[in-house]
Amino acid sequence: MSVVLVVEDDPAILQGLQESLRLERYDVLSASDGATGYRLAQEKKPDLVILDLMLPKMGGFEVCRKLRSEQFTAPILMLTARGEESDRVLGLDLGADDYVTKPFSVRELLARVRALLRRASDDKSEKLPDELRFDDVVVDFRRCEALKGSAAVELTRKEFGVLRLLASKAGEVVSRDDLLNGVWGYDSYPNTRTVDVHIALLRSKLEDNPSVPRRLITVHGMGYKLVIS
């Protein structure tokens, strides 16, 4: 039975998530502040964390940052009432795997939980390239290390995942749905911009001129492709 930790300070939302997750036969841990959630994640090693951003004692961004700095590898799904893209980008850049904006559909959230857990269990069995090189960029997927020139580039797990899937089909168009399914493990939902955010982040870190990308190319109406030749 998978263990899910919910860190949420709104009692009604916390109770609703606990009940919904238990109906799906997950073992549920909960915390109503960031400090307690951080401690539970350290001690109990849950299989997935559902993490609100606006928390007392320690904010969700800080919880995520600290856990990832300590090699906590379980998926983190962020909840936020904020609509600003900058908050979502920051959460993903700190190591969150996905986000859901309040108010959210419980049905969609549960689908994402299932997908993230399935994806985590499948990661080791995939046959994908171990390395990628283009221009002055070198990416080692086995070690999760990236260099641009002589400088280290910090990529999140999902950024590595998106790049690795595109590298496995270099020169080919990969649809947004295929990226969602291949990296996150679920098909797209209306208004979900998860892939777009990750592509923008990768461009900002790896392209010489992110506003005029030469490697991570948008194919309008179809998806994205990685051009390395």
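This report covers a four-stranded sheet, a helix across it, and two residues, Lys205 and Arg143, in a predicted model.

## Basis

The model is predicted: local features need pLDDT of at least 70, side-chain atom pairs count only at pLDDT 80 or more, and totals for chains, interfaces and linings use all residues. Residues are numbered from 1 along each chain as its sequence is written, and side-chain values use heavy atoms, with hydrogens and water left out.

## Sheet and helix H6

Strands E6-E7-E8-E9, in that order, form an open antiparallel sheet. Strands (E, at least two residues) and helices (H or I, at least four) are DSSP runs numbered from the N terminus; strands pair if DSSP finds at least two bridges between them. At the edges are E6 (131-134) and E9 (151-152), each pairing on one side only.

Four bridges join E6 to E7, and Glu131 stands opposite Asp140 in E7. Helix H6 (residues 157-168) lies across E6, E7 and E8 at about 105° to E7; axes are lines fitted to C-alpha atoms, for helices over the stretch in contact (heavy atoms within 4.5 Å), and angles run from 0 to 180 degrees between N-to-C directions.

## Arg143

Arg143 sits in the loop between E7 (137-140) and E8 (145-148). Its relative accessible area is 61%, so Arg143 is exposed (over 50%; buried is under 20%, partly exposed in between; 1.4 Å probe, protein chains only).

## Lys205

Lys205 belongs to helix H8 (residues 194-206) and is buried, at 17% relative accessible area. Its side chain reaches the backbone oxygen of Glu154 at 2.9 Å. Beyond neighbours within four places in sequence, Lys205 contacts Asp93, Lys148, Val153, Glu154, Leu155 and Glu159.

Note on methods:
A polar contact is a pair of N or O atoms within 3.5 Å; within protein, one must be able to donate a hydrogen and the other to accept it, and residues adjacent in sequence count only if both atoms are side-chain atoms.
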